[in-house]
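Me: I should like to learn how to read this structure. Could you guide me through it?

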Amino acid sequence: MANMDNSFWTELIADEEYKIKIIDIGAAEMEGVSPSYKKLMDIGIAEIVGFEPDKDACNALNANKNNENEKYFPYFIGDGNSATFYETNWAPTSSLYEPNKELLEKFHQLYELTTVTKEHKNVVTHRLDDIVEIDYADFIKMDVQGSELKILENSIKLLNSAVVLQVEVEFVEMYKDQPLFSDVDSFLRSQGFQFHCFDQGIAGRPFKPLMLNNDPLQKFNQELWADAYYVKDWMKLDLLSSKQIIAYAILTYSLLGSIDLTLLLINKIDKVNNSNFSEKFLKLLNIV
């Protein structure tokens with residue numbers, strides 16, 4: 001597929017100052033893993049507000065940022081109430097929910113990476129809608145180990161503007177009393193989103209003691225968690241502004257490679273503006 005920085009997208013955007021507004025909750029860098037929106041960062045079209053409560057990780061993000069279009073804050077995002085933060089032996093599995101030891105121990109290499117080393121009582125959480133640094137969002141990404149639904153329920157204003165979401169979901173109770181995929185899915189559908197896809201499949205583990213090919217990470221069948229992508233209901237595009245539909249098209253193309261949905265969105269832009277971007281888009285893809 002053609003690169004994002006070609007004349008097609010420049011013509012579609014028609015604004016040199018245009019930026020995709022990205023909210024990243026759980027923004028800590030992981031070795032060897034790039035954020036899903038890296039393409040947008042590379043061409044300078046992304047404005048990022050990130051949250052990472054680990055202060056060292058947050059300082060590293062601010063020290064390594066590419067430009068002034070990135071800002072990171074050491075906030076716990078939640079419902080605005082105080083909570084207990086469960087720090088684990090591997091930072092990415094730390095959570096505002098307690099790891100479910102009894103369940104995790106049934107699988108290879110799960111409890112070994114989610115062992116609580118310290119409990120931080122009465123940490124302050126912030127509602128996303130209350131944070132003054134954010135007035136709208138195009139794309140929201142969250143990786144918060146069980147707190148997704150609580151965050152979403154307190155982000156109604158931003159959900160109204162956002163067109164694509166990336167949400168880590170779990171299918172079993174890896175953290176005690178956490179909401180599961182079905183709960184997140186039901187809520188997001190009530191807010192005008194459609195489930196679109198899982199990113200890179202669904203992760204699982206084998207139950208102890210068996211392993212496939214002596215690999216503790218290769219599941220038999222049990223699904224445990226995944227990154228789920230949600231998009232604004234493509235049956236109700238009349239509810240979206242032109243700006244939202246443009247962001248929607250760029251995100252579905254650059255993040256997901258969902259060129260069929262991108263074309264549907266560009267068709268809507270053409271209908272509203274009496275333009276011919278859909279024909280140009282198809283030629284760009286060498287489909288016609």
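Reply: The following turns treat a sheet, a serine and an aromatic pair. This is a predicted model in which local features need pLDDT of at least 70, side-chain atom pairs count only at pLDDT 80 or more, and totals for chains, interfaces and linings use all residues. Residues are numbered from 1 along each chain as its sequence is written, and side-chain values use heavy atoms, with hydrogens and water left out.

Me: In what order do the strands of the open sheet lie?

Reply: Strands of a sheet pair through backbone hydrogen bonds, either parallel or antiparallel. Here strands are DSSP runs of E of at least two residues, helices are runs of H or I of at least four, and both are numbered from the N terminus; two strands pair if DSSP finds at least two bridges between them. The seven strands follow the order β3-β2-β1-β7-β8-β10-β9, with mixed pairing. At the edges are β3 (70-73) and β9 (193-204), each paired on one side only.

Me: Is Ser95 buried or exposed?

Reply: Buried means under 20% relative accessible area, exposed over 50%, and partly exposed in between (1.4 Å probe, protein chains only). Ser95 is buried, because its relative accessibility is 1%. This residue belongs to the loop between β5 (82-88) and α4 (101-104).

Me: How is the aromatic pair of Phe181 and Phe198 arranged?

Reply: Rings of Phe, Tyr and Trp (its six-membered ring) pair if their centres lie within 6.5 Å; planes under 30 degrees apart count as stacked, over 60 as edge-to-face and the rest as tilted. Phe181 and Phe198 are tilted, at 5.6 Å centre to centre and 55 degrees between the planes. Phe181 lies in helix α7 and Phe198 in strand β9, so the pair ties together parts 17 residues apart in sequence.
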